[in-house]
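I opened this notebook to keep track of what I looked up in one structure. The entries follow the order in which I searched.

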Amino acid sequence: MASSTPSEAAKRAKLPSLTGLRFFAALLVFFFHSSLSDSPIPPNAPINPFADASIADGYATAFGKAGYLGVSFFFVLSGFVLAWASRPGERVTAFLRRRLLKIYPNHIVVFAAAMILFAGAAVTSVADWLPNLLLIHTWFPQATVNLSVNPPSWSLGSELLFYVLFPLLIVPIRRIRGAALWVWSGLMVAGMVAVQLVSTYVVPDTPKSAITPVSDLQFWFGYLLPLGRVFEFALGILLARVVLAGLWPRRVGFGAAVALTVLGYAAALVAPFQYGFVVATIVPVAALIGATANADVQGRTTFLRSRPMVWLGEVSFGFYLVQGVTIFYLRSLLGEATYSVPVALLVIAGFFCASLLGGWLLFRFVEMPAMRRFGRSRPRPQQVPDVVAEPYESQAPVPATTGGRAR
């Protein structure tokens, strides 16, 4: 049996391919958002710009579960990169400060922009926007709260919980050895299935949501509630331990993982709605992250580790987070107008360019200055043992979509 001790190569390896892969996950969220038939901000008008109904329906169907896949990827990736870089001896307070600096400055800037442009006090009450500002809004079942102000920020509520829980989870997970890592990984997948079973058969299915085929309560419990997303985060931690221990299956390479992801996405398109959130795609997502990281450990050359892809990965958090403004708000300025195929494609391209520019501006002028100014603590003579360290900066996870919804 392979040793569960991290290999020297794995200890030294940075993971640029995973950074590059982040952009494609954020891009899935972008296509999901631009295909919506109902905007998550009032007056909930269509965002999909195609006038031809068959093309509009095809676009919406093709990317109807893309946002959910992208968000799930980011949640698993969060656990993976934090566990990958974790080392005993780092203070919990230092870890939490750096993680909060990765999300709060960007969040506050986009929150302010959304409040000024479309979600101000005249539209959103303080009881709705204050939880969003504090990133506790997804603990509330009311749709006016959990998707308030900047809808993509919902995933940051889950990320905040992950950061708080990581110092508690990493200690016992470090003690898991060998094949038991796979057993615990399977239990995490079972937990994700259980969440959707409870959502389907226990949570009330009325009144129906205005923007999904299930009730607001079912969508909240099965998708938005941070507690239910911890299984994905914990799976990411376990996967990092698998790769570090040299236990990743040789037959599951990057190509096989991509093929599995395509099959998983096809399954999500035909599965009952709630099971398309996570359950249908979680094994492919895990395979994709593990195989990509393993390729970096083994020094394999992939296009994902090229300089342009790494740059795109680094700005992907901002690219995702600004979509409430660059897609939802800009589309509202166009009214309910729809367009011919060439014009509609130009509209989508415009959304993309605005989102990418916004993502770069956040990364360059908000996130990086905040990290440089406040991200490092002063050295102390002694450190509290057995906590966590900061991950390789270019690997820091997006949440995402909505990790915006996906919304």
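**Entry 1. Salt bridges**

I began with a definition: a salt bridge is a side-chain nitrogen of Lys or Arg within 4 Å of a carboxyl oxygen of Asp or Glu. I note here that the model I searched is a predicted one. Searching the whole structure gave me 3 salt bridges.

I looked up Glu-367 and Lys-102, whose side chains meet in a salt bridge at 2.8 Å, N to O. Glu-367 belongs to helix α17 (residues 341–374) and Lys-102 to helix α5 (residues 92–117), so this pair ties together parts that are 265 residues apart in sequence. I checked burial as well: Glu-367 is buried, and so is Lys-102.

Next I took Glu-232 and Arg-229, which form a salt bridge through their side chains at 2.6 Å, N to O. Both lie in helix α11, 3 residues apart, about one turn of the helix. I wrote down a general point beside this: an α-helix has 3.6 residues a turn, so residues three or four places apart point the same way. Glu-232 and Arg-229 are both buried.

I then turned to Asp-296, which forms a salt bridge with Arg-305; the closest N and O atoms are 3.1 Å apart. Is Asp-296 buried or exposed? Asp-296 has 5% relative accessibility, and buried means under 20%, so Asp-296 counts as buried. Arg-305 has a relative accessible area of 32% and is therefore partly exposed.

**Entry 2. The chain as a whole**

I counted secondary structure: the protein chain has 17 helices and 0 strands. Of the 407 residues in the protein chain, 57% are buried. The chain exposes about 16,600 Å², and carbon and sulfur atoms supply 69% of that area.

**Entry 3. The nonpolar core**

I asked which residues touch the most other members of the largest nonpolar core. This core has 113 residues, and the ones I was after are Phe-73, Phe-80 and Trp-84. Helix α4 (residues 66–85) gives the core its largest share, 14 residues.

I followed Phe-80 further. Leaving aside neighbours within four places in sequence, Phe-80 is in contact with Leu-15 and Leu-18. On the same terms, Phe-80 also contacts Gly-236, Ile-237, Leu-239, Ala-240 and Val-243, as well as Ile-289 and Ala-293.

**Entry 4. Aromatic pairs**

I found 30 aromatic pairs in the structure. One that I looked at is Tyr-68 with Phe-277: the ring centres are 5.1 Å apart and the planes are at 70 degrees, so the pair is edge-to-face. The pair links distant parts of the chain, 209 residues apart, with Tyr-68 in helix α4 and Phe-277 in the loop between α12 (254–270) and α13 (282–297). Tyr-68 and Phe-277 are both buried.

Phe-277 also pairs with Phe-219, again edge-to-face, at 5.7 Å centre to centre and 80 degrees between the planes. Phe-219 is in helix α10 (residues 216–224) and Phe-277 is in the loop between α12 and α13, so the pair ties together parts that are 58 residues apart in sequence.

I traced the ring pairs outward and noted a cluster that they link. Among its members are Phe-32, Tyr-68, Phe-75, Trp-154, Phe-219, Tyr-223 and Phe-277.

I also looked up a charge over a ring: Arg-364 lies over the face of Phe-365, at 5.0 Å from the ring centre.

**Entry 5. Helix α10**

Which residues of α10 are buried? I listed Gln-218, Phe-219, Trp-220, Gly-222, Tyr-223 and Leu-224. The cover over these buried residues includes α4, α7 (143–146), α8 (154–174), α9 (180–201) and α11 (226–244).

**Entry 6. Ser-158 and Pro-152**

I located Ser-158 in helix α8. Ser-158 counts as buried because its relative accessibility is 0%. Not counting residues up to four places away in sequence, Ser-158 touches Phe-75, Thr-138, Leu-224, Pro-226 and Arg-229. Arg-229 is the residue I had noted in the salt bridge with Glu-232.

Last, I looked up Pro-152, in the loop between α7 and α8. Pro-152 is buried, with a relative accessible area of 0%. Pro-152 and Leu-321 are 169 residues apart in sequence, and in space they are 5.8 Å apart, C-alpha to C-alpha.

Note on methods. Residues numbered from 1 in each chain as written. Heavy atoms only, no water. Core = buried A, V, L, I, M, F, W, Y, C linked by side-chain atoms within 4.5 Å. Buried < 20%, exposed > 50% of the residue type's maximum accessible area, 1.4 Å probe, protein only. Helix = DSSP H or I, 4+ residues; strand = E, 2+ residues; numbered from the N terminus. Contact = heavy atoms within 4.5 Å. Phe/Tyr/Trp six-rings, centres within 6.5 Å; stacked < 30°, edge-to-face > 60°. Lys NZ or Arg CZ within 6 Å of the ring centre and 35° of its normal. Areas by Shrake-Rupley, 256 points an atom, 1.4 Å probe, with all protein chains shown as cover.
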